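Welcome to a short set of exercises on reading a fold. Keep the sequence and the 3D view open side by side, and try each task before you look at its solution.

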Amino acid sequence: EFKTLLSGKAVLIIAPGSSSVEEKDKIIDFGSKDDVVTISVNFDYKECRTDFIFLSNLRRFRKMKDGKERCIVTSNIPADNVYLQTNYQNLLNDYEGVKDNAGMMLIKFLIDLGVKRIYLAGLDGYSVDPTRNFADEAMNFFTQKRIFETMNEGMNKALKEYSKSIKI
């Protein structure tokens, strides 16, 4: 059912980076097109209702108050009444710092489903100033500068590899 719903459509992935708020008008405009399916990653995008919410983080799933019927969750999340559950292990990658990054997992999931075009919003990477990383300050976490650098390098490598299979 989900694969059929995506057939012939582009997917707009909305990650929780601060640009998801700064660029909200562009995101809302693009996401409202008939040939675009919107999926937010590990959060419920407050600027507009997305078609789906992809979650691979149990803590973030538990914080969800509404919209669970739109959730696509990975198998590490015990959940009822969600739209779809997919295998966590199959979506992991081999890139240092982002092996289980939800955005990278969602891209891999969409490639496996045969999606041809993905657009990214709010996938800003990680700043050494952690207060600049997320649109919602409650999502911030503090860590060493080198860890953020490793995460950014891993995302760049993963996106480069995934772009061989799908237009990003």
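**Exercise 1. The core.** Which residues have the most contacts inside the largest nonpolar core, and how many residues does this core have?

First, some ground rules. This is a predicted model, in which local features need pLDDT of at least 70 and side-chain atom pairs count only at pLDDT 80 or more, while totals for chains, interfaces and linings use all residues. Residues are numbered from 1 along each chain as its sequence is written, and side-chain values use heavy atoms, with hydrogens and water left out.

*Solution.*
- Step 1: settle the terms. A nonpolar core is a set of buried Ala, Val, Leu, Ile, Met, Phe, Trp, Tyr and Cys residues joined through side-chain atoms within 4.5 Å. Buried means under 20% relative accessible area, exposed over 50%, and partly exposed in between (1.4 Å probe, protein chains only).
- Step 2: find the centre of the network. The largest core has 30 residues, and Ile39 and Leu110 have the most contacts inside it.
- Step 3: ask which elements build this core. At least two residues each come from α1 (2–6), β1 (10–14), β2 (36–41), β3 (52–55), α5 (102–112) and α6 (145–162). The largest share, seven residues, is supplied by α5. Helices (H or I, at least four residues) and strands (E, at least two) are DSSP runs, numbered from the N terminus.
- Step 4: look for another core. A second, separate one has eight residues, including Leu55, Cys71, Val73 and Ala79.
- Step 5: zoom in on Ile39. Beyond its neighbours within four places in sequence, Ile39 is in contact (heavy atoms within 4.5 Å) with residues that include Phe2, Val11, Ile13, Phe54, Leu106 and Leu110.

**Exercise 2. The chain as a whole.** Describe the order of helices and strands in the protein chain.

*Solution.*
- Step 1: count the elements. There are six helices and six strands.
- Step 2: walk along the sequence. The pattern reads α-β-α-α-β-β-α-β-β-α-β-α.
- Step 3: add the overall numbers. Of the 168 residues in the protein chain, 45% are buried. Among contacts between residues at least 6 apart in sequence, 52% join residues at least 24 apart.

**Exercise 3. Strands β1 and β2.** Why is β1 largely enclosed by the rest of the structure?

*Solution.*
- Step 1: check burial. β1 is largely enclosed because five of its five residues are buried.
- Step 2: recall the general rule. Side chains in a regular strand alternate between the two faces of the sheet.
- Step 3: sort the side chains of β1. Ala10, Leu12 and Ile14 point one way, Val11 and Ile13 the other way, and all are buried.
- Step 4: trace the pairing (two strands pair if DSSP finds at least two bridges between them). β1 runs parallel to β2, with five bridges, and parallel to β6 (residues 118–121), with four bridges. Ala10 has Val36 of β2 as its bridge partner, Leu12 stands opposite Thr38 in β2, and Val11 stands opposite Ile118 in β6.
- Step 5: repeat for β2. Six of its six residues are buried; Val36, Thr38 and Ser40 point one way, with Val37, Ile39 and Val41 pointing the other way.
- Step 6: continue to β3. β2 and β3 are parallel and share three bridges, and Val41 has Phe54 of β3 as its bridge partner.

**Exercise 4. Two asparagines.** Is Asn81 buried or exposed?

*Solution.*
- Step 1: start with the backbone. Most residues other than glycine have a negative phi. Asn42 has a positive phi, near 60°, and phi of Asn81 is also near 60°.
- Step 2: locate each residue. Asn42 lies in the loop between β2 and β3, and Asn81 lies in the loop between β4 (71–74) and β5 (84–86).
- Step 3: read the accessibility. Asn42 counts as buried at 9% relative accessibility, whereas Asn81 is exposed, with a relative accessible area of 69%.

**Exercise 5. Rings.** Which residues do ring pairs link into a cluster?

*Solution.*
- Step 1: count the aromatic pairs. The structure holds seven, where rings of Phe, Tyr and Trp (its six-membered ring) pair if their centres lie within 6.5 Å.
- Step 2: join them up. Phe2, Phe52, Phe54, Tyr83 and Phe109 form a cluster linked by ring pairs.

Conventions. Rings of Phe, Tyr and Trp (its six-membered ring) pair if their centres lie within 6.5 Å; planes under 30 degrees apart count as stacked, over 60 as edge-to-face and the rest as tilted.
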